[in-house]
Amino acid sequence: MAVTLPAPPVPSVSRSAESGRGGSDFTPLARRVRASGLLERRPGYYARAIGLNLVATAAVWGAVAWAGASWWTVLLGVPLAVIAVRTAFLGHDAGHRQIARTARGNRLLGLLLGNLLLGMGHGWWSDKHNRHHANPNHVGKDPDVGEGILAWTEEQAGRQRGVLRWVARHQALLFFPLLTLEGVNLKVGSLMFLRGRKRRDQVVEGGLLLAHVVGYLSLAFALLPVGQALALIAVQHAVFGVHLGAVFAPNHKGMVMPEPGERWGHLRRQVLTSRNVRGGVVTDWAFGGLNYQIEHHLFPSVPRCNLRRVRPLVRAHCAEVGVSYAETGVVGSYRLALRHMREVGEPLR
């Protein structure tokens, strides 16, 4: 069951009305978080996280080499996918400049973690994800709720034709099966993004993406027969897509979607459109800290390991200014997200 703090009757308010004290409701919270020291970088934490991630990746590939041609080796695609999602989390953090102290250092980490290790473009991801952060759940501005295979509003569902209309009609049931293709979709999107970019970006990002493809395929086919190699690749990409999609799906789906022309202050724009997923250290690990979605959206540069400590400050502030703070358990979060998708497709049934 979702837990929320009381909200004002109408969350959509003008910037001038956002605070009756003559300023932004976000400013006092920002001061408290800054004074707490939680905005400071955590290089030791990230050095350990990146080091363990590399060791784990090498260890699983070592297990693939040791297991050899057995079809049971294909099951190692599951831990490979889980570790790859941890790599994606680290690339995400680099994209938000949580790791290194300089923009250049974070971009370098993003290129190595994303393009080289994952085959997912750091430039593409940063562009898309930063637009999402600027206007979460805002149709026409947030690419995560844009036109595509899935529909996020009844208007989008009504415009679907052919097979996509059938998908929209059943999208709640099809959501997780479709996520098995997300790993491939992310790589294709990364390549498509490079068209029309600066020559230097094409060379650097494209070269690293190519190096990933060559290295990944060479490793898989050198260690395994063709059939097992193809199966391992399929399993890893399918599990990767489901795992990563399952992390991002509950955070905004089913939350309020601003109407065109509505202007909210930073606090309401980020809090009212986001949902936290309640849990302990296992949930924190599985979601890569993104279960603290509200805190992450308010302070995207806060190191992942500090988000849990930012949460009570944000909750208390939201209660003080009367802004709804949505939080639910893991199962409840999926239930709410899938219910929204089902309701969007309902008029087509």
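Student: Before we look at the surface, what does partly exposed mean here?
Tutor: A residue under 20% relative accessible area is buried, one over 50% is exposed, and partly exposed lies in between. Please keep in mind that this is a predicted model.

Student: Then how does Leu112 count?
Tutor: Leu112 counts as partly exposed because its relative accessibility is 37%. The residue is found in helix H4.

Student: Which nonpolar patch does Leu112 belong to?
Tutor: Leu112 forms a nonpolar surface patch with Leu54, Leu108, Leu116 and Leu117. Together these residues have about 410 Å² of accessible area.

Student: Which element gives the most to that nonpolar patch?
Tutor: Helix H4 does, with 4 residues.

Student: Let us turn to the interior. How many cavities of 30 Å³ or more are there?
Tutor: The structure holds 3 of them. The largest cavity has a volume of about 80 Å³, and the second largest offers about 40 Å³ of space.

Student: Which elements give two or more residues to the lining of the largest cavity?
Tutor: They are helix H3 (77–95), helix H4 (103–118) and helix H5 (122–134). H3 provides the largest share of that lining, 4 residues.

Student: And which residues line the largest cavity?
Tutor: The lining includes Thr87, Ala88, Gly91 and His92, and also Gly110, Gly114, Leu118, Met120, Gly121, His122 and Trp125. By class, the lining has 4 nonpolar residues, 7 polar ones and no charged ones.

Student: What lines the second largest cavity?
Tutor: Ala88, Phe89, His92, Met120, Trp125, Leu244 and Phe248 line the second largest cavity. At least two residues of this lining come from H3, and at least two from helix H11 (226–248). H3 has the largest share, with 3 residues.

Student: How does that second lining divide by class?
Tutor: The lining of the second largest cavity has 6 nonpolar residues, 1 polar residue and no charged residues.

Student: Changing topic: how many salt bridges are found in the whole structure?
Tutor: The search finds 10. In one of them, the side chains of Glu320 and Arg32 meet at 3.3 Å, N to O. Glu320 lies in helix H15 (residues 307–321) and Arg32 in helix H1 (residues 26–36), so the pair ties together parts that are 288 residues apart in sequence.

Student: How do Glu320 and Arg32 count for exposure?
Tutor: Glu320 counts as partly exposed because its relative accessibility is 47%. Arg32 is partly exposed as well, with a relative accessible area of 35%.

Student: Which residue does Arg304 pair with?
Tutor: Arg304 forms a salt bridge with Asp93, and the closest N and O atoms are 2.9 Å apart. This pair links distant parts of the chain, with Arg304 in the loop between helix H14 (293–298) and H15, and Asp93 in helix H3, 211 residues apart.

Student: Are Arg304 and Asp93 buried or exposed?
Tutor: Both Arg304 and Asp93 are buried.

Student: What about Asp144 and Lys128?
Tutor: Asp144 and Lys128 form a salt bridge whose closest N and O atoms are 2.6 Å apart. Asp144 is in the loop between H5 and helix H6 (154–159), while Lys128 is in helix H5, 16 residues apart. Asp144 is partly exposed, with 22% relative accessibility, and Lys128 is partly exposed, with a relative accessible area of 22%.

Student: Finally, which residues are linked in a network of salt bridges?
Tutor: Arg311, Arg315 and Glu327 are linked in such a network.

Terms used
Residues numbered from 1 in each chain as written. Predicted model: local features only at pLDDT ≥ 70, side-chain atom pairs only at ≥ 80, totals over all residues. Heavy atoms only, no water. 1 Å grid on protein atoms, 1.4 Å probe; cavity = no way out; pocket = protein on both sides within 12 Å on 5 of 7 lines; lining within 4 Å. Points joined across faces, edges and corners; volume = space filled by probe spheres on them. Nonpolar A, V, L, I, M, F, W, Y, C, P; charged D, E, K, R; others polar. Patch = residues over 30% accessible without salt bridge, like charges linked within 9 Å, V, L, I, M, F, W, Y side chains within 5 Å. Areas by Shrake-Rupley, 256 points an atom, 1.4 Å probe, with all protein chains shown as cover. Salt bridge = Lys/Arg side-chain N within 4 Å of Asp/Glu carboxyl O. Buried < 20%, exposed > 50% of the residue type's maximum accessible area, 1.4 Å probe, protein only.
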